[in-house]
Amino acid sequence: MTANGATGESHSRACVEEAEDTVKELRAALERAGMSLPSLRVDPATVARQAPCPLVDLGRCSVEAAARLAALLPGKGVRP
């Protein structure tokens with residue numbers, strides 16, 4: 001493998017690890033706030049590519065959970 005290929009794999013692995021760490025941090029922050037998003041995860045389709053570009057899938061939740069989450073965020077309300 002070329003040096004660029006190894007560097008690319010290392011970068012891709014770091015991106016996936018960062019996404020996984022971010023999901024863990026978000027899950028912990030939500031738990032501290034009394035919230036849970038059971039479907040929260042790194043989107044597997046975005047890491048299955050040759051050059052992963054991970055996205056965080058917040059998943060689905062109840063209307064009640066969405067309302068509680070909105071209440072936790074600063075600047076509650078619709079912005080123009």
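## Worked exercises on a predicted model

The largest nonpolar core has 8 residues in all: Ala-19, Val-23, Leu-30, Met-35, Leu-37, Leu-40, Val-42 and Ala-65. The model is predicted, so local features need pLDDT of at least 70 and side-chain atom pairs count only at pLDDT 80 or more, while totals for chains, interfaces and linings use all residues. Residues are numbered from 1 along each chain as its sequence is written, and side-chain values use heavy atoms, with hydrogens and water left out.

**Exercise 1. Find which helix gives the most to the largest nonpolar core.**

Step 1. Start from the term: a nonpolar core is a set of buried Ala, Val, Leu, Ile, Met, Phe, Trp, Tyr and Cys residues joined through side-chain atoms within 4.5 Å. Buried means under 20% relative accessible area, exposed means over 50%, and partly exposed lies in between (1.4 Å probe, protein chains only).

Step 2. Take the core listed above, which includes Ala-19 and Ala-65. Helix α1 (residues 3-32) gives the most to this core, with 3 residues.

Step 3. Now look around Ala-19. Leaving aside residues up to four places away in sequence, Ala-19 touches Val-42 and Pro-54; a contact means heavy atoms within 4.5 Å.

**Exercise 2. Describe the order of helices and strands along the chain.**

Step 1. Helices (H or I, at least four residues) and strands (E, at least two) are DSSP runs, numbered from the N terminus.

Step 2. Count them: the chain has 3 helices and 2 strands. Read along the sequence, they follow the pattern α-β-α-β-α.

Step 3. Add the burial: of the 80 residues in the chain, 16% are buried.

**Exercise 3. Locate the salt bridge and say which parts it ties together.**

Step 1. Apply the cut-off: a side-chain nitrogen of Lys or Arg must be within 4 Å of a carboxyl oxygen of Asp or Glu. Searching the whole structure gives 1 salt bridge.

Step 2. The partners are Asp-57 and Arg-41, with their closest N and O atoms 3.4 Å apart. Since Asp-57 lies in strand β2 (residues 56-57) and Arg-41 in strand β1 (residues 41-42), the pair ties together parts that are 16 residues apart in sequence.

Step 3. Check the surroundings: Asp-57 is partly exposed at 26% relative accessibility, and Arg-41 is partly exposed at 41%.

**Exercise 4. Decide whether Ser-12 is buried or exposed, and what it touches.**

Step 1. Ser-12 has its place in helix α1.

Step 2. With a relative accessible area of 12%, Ser-12 is buried.

Step 3. Not counting residues up to four places away in sequence, Ser-12 touches Ala-51 and Pro-52.

**Exercise 5. Work out why Cys-53 is not bonded to Cys-15.**

Step 1. A disulfide is a pair of cysteine sulfur atoms within 2.5 Å. The structure holds 0 disulfides.

Step 2. Cys-15 is in no disulfide, and the nearest cysteine sulfur, that of Cys-53, is 7.3 Å away. That distance from the sulfur of Cys-53 to the one in Cys-15 is too far for a bond.

Step 3. As for its setting, Cys-53 counts as partly exposed at 44% relative accessibility.

**Exercise 6. Place Lys-24 in the fold.**

Step 1. Lys-24 is found in helix α1, and at 57% relative accessibility Lys-24 counts as exposed.

Step 2. Lys-24 and Leu-40 are 16 residues apart along the chain, and their C-alpha atoms are separated by 9.2 Å.
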